[in-house]
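Hi,

Here is the structure I promised to pass on. Have a look at it first, and my notes on what I found follow below.

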Amino acid sequence: MKASPQRIAVMGSGSWGTTFAKVLADSDPTADVVLWARRAEVATEISELHTNSTYLGDLPLPANITASTDPAAVLAGAELVILAVPAQSLRQQLTEWGKAVEPGAVLVSLMKGLERGTDLRMTEVIAQVLPVDQSQLAVVSGPNLAKEIARGEPTGSVVAGSDRDTVEWIARACTPSYFRPYTNSDIVGVEIGGIVKNVIALAVGICDGMGMGDNTKATIITRGLAETTRLATALGGSAETMAGLAGLGDLVATCSSPLSRNRTAGRLIGEGKTLEQVAQEMTQVAEGIKSGAAVLDLAANHGVEMPITQAVVAVIEGKVGVSSMARMLLERDLKSEEIH
Ligand SMILES: NC(=O)c1ccc[n+]([C@@H]2O[C@H](COP(=O)([O-])OP(=O)(O)OC[C@H]3O[C@@H](n4cnc5c(N)ncnc54)[C@H](O)[C@@H]3O)[C@@H](O)[C@H]2O)c1
Ligand SMILES: O=P(O)(O)OC[C@H](O)CO
């Protein structure tokens, strides 16, 4: 059995990058976990005060986490590289970091977005930019609201990748008492679950902002899962994955929680705010806003119908107002629930 990683690079010091660094550091206090931060003051605070107050308040971080703004210094010697930047910035960042990634390092995406313009999933972007084998790529995704995990509240998650030994090695590296990773070989399904749930959470947030109740939101969540499953299976993913933590689990967590940035962005839109006003109120990334159009494009290219995603994108692009969303969805031809 391969020894646990002793040096781990986490590229991105936002709420999930920092929290996942804590998961890894708590899991193995002998490992060096090094975060890459864009801002020097964030890196200094993490290394010297062991907090990241921008994203996690005064929560104490383990002593075996340090940070730097120098990507080459962070990546040097790292056998495991965790990627946690906004999805639309990954290609540019990887292009800058590429040469500093150790040959043979395993790369894990924590990101839940689809690249605009190419409709590529994050592991597909990594494989385009870096000379890596599929066996070096994995994804971690599930009902993983960073702030709850940072507080040590228990959760499950999924580590997905094509190489069984690699995903088991990653899973063993993230097993503090509050985090239980399950392995899965369905990387497509796990990534699609994480991407589309953000768009569905925007729809649920819009319902919230408009003052709608639980029947409406349960309908959006359930039919949202149906359209996510249609897309995932059309791309070669499995329906079983969609019933698991990276599908239903993440969808329920994101659509129910006031901590979700996507649900919050949706709520603000539902209350009548413009996208510019939403962007001003929210400093953190809500991936569904930018990924929605790419999801719709990908679905169209595979002949998959995604009416909720279509309605959300129409609202985001200013083509319809939130008050027209319900009509858009309810006036469609009747169909059987059994037809997927
Ligand atoms: N926060 C969560 O609960 C959570 C959980 C699971 C997955 N995710 C996913 O993880 C990814 C990162 O989310 P997060 O919560 O850490 O986001 P965040 O907004 O909290 O932090 C983003 C980080 O990326 C940096 N950044 C911003 N713009 C950048 C750019 N153009 N280039 C490089 N770096 C940039 C920021 O400085 C920050 O360090 C997203 O895809 C998100 O969907 C988040
Ligand atoms: O805050 P959100 O909406 O980006 O969701 C965070 C996580 O993806 C929940 O699993």
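The shell around ligand 1 is made up of eleven nonpolar, ten polar and three charged residues (Ala, Val, Leu, Ile, Met, Phe, Trp, Tyr, Cys and Pro count as nonpolar, Asp, Glu, Lys and Arg as charged, and the others, Gly among them, as polar). Of the 24 residues around this ligand, the nearest are Gly14, Trp16, Ser89, Met111 and Ala146; a residue belongs to such a shell if its C-beta atom, placed from the backbone, lies within 6 Å of the molecule. Helix 1 (residues 15-27) is the biggest contributor, with three residues. Helices (H or I, at least four residues) and strands (E, at least two) are DSSP runs, numbered from the N terminus.

Please keep in mind that this is a predicted model: local features need pLDDT of at least 70, side-chain atom pairs count only at pLDDT 80 or more, and totals for chains, interfaces and linings use all residues. Residues are numbered from 1 along each chain as its sequence is written, while chains are lettered from A and ligands numbered from 1 in the order in which they are written.

Now to the second ligand. Around ligand 2 you will find Lys112, Pro143, Asn144, Leu145, Asn198, Ala201, Asp250, Ala253, Thr254, Ser260, Arg261 and Asn262. Helix 9 (187-209), helix 12 and helix 13 (261-270) are the elements that each give two or more residues to this shell, and helix 12 gives the most, with three. By class, the shell around ligand 2 has four nonpolar, five polar and three charged residues.

Helix 12 (residues 245-256) is largely enclosed by the rest of the structure, because ten of its twelve residues are buried. For burial, the count is of other C-beta atoms (placed from the backbone) within 10 Å of the residue's own: 20 or more is buried, 12 or fewer is exposed, and in between is partly exposed. Among the buried residues of helix 12 are Asp250, Ala253 and Thr254, which also appear in the shell around ligand 2.

UniProt has some annotation that you may like to set beside this. An unreviewed entry places a "binding site" feature at Gly12, Ser13, Gly14, Ser15, Trp16, Gly17, Ala146 and Arg261. UniProt positions are given in the numbering used here, feature names are shortened, and annotations may be inferred rather than shown by experiment.

Two of those positions are worth a look:

- Gly12 sits in the loop between strand 1 (7-11) and helix 1. It is buried, as 24 other C-beta atoms lie within 10 Å. Apart from neighbours within four places in sequence, Gly12 is in contact (C-beta atoms, placed from the backbone, within 7 Å) with Gly17, Trp36, Leu83, Ala84 and Val85.
- Ala146 is in helix 7 and counts as buried, with 23 C-beta neighbours inside 10 Å. Beyond four places in sequence, Ala146 is in contact with Ser15, Trp16 and Thr19.

Helix 7 (residues 146-150) also holds Ile149, which is buried, with 22 C-beta neighbours inside 10 Å. Not counting residues up to four places away in sequence, Ile149 touches Thr19, Val23, Asn144, Thr155, Tyr178 and Phe179. Ile149 and Trp16 are 133 residues apart in sequence, yet their C-alpha atoms are 9.3 Å apart in space.

The unreviewed UniProt entry also gives two domains. "Glycerol-3-phosphate dehydrogenase NAD-dependent N-terminal" is placed at residues 8-165, a span that is 35% helix and 21% strand, with its end C-alpha atoms 18 Å apart. The matching "C-terminal" domain is placed at residues 186-325; that span is 74% helix and 0% strand, and its end C-alpha atoms lie 33 Å apart.

Finally, two backbone details. Most residues other than glycine have a negative phi. His50, in the loop between helix 2 (40-49) and helix 3 (53-56), has a positive phi near 60° and is partly exposed, with 15 other C-beta atoms within 10 Å. Asp119, in the loop between strand 5 (106-109) and helix 6 (122-129), also has a positive phi, of about 60°, and is partly exposed, with 19 other C-beta atoms within 10 Å.

Happy browsing, and best wishes

How values were computed:
Contact = placed C-beta atoms within 7 Å.
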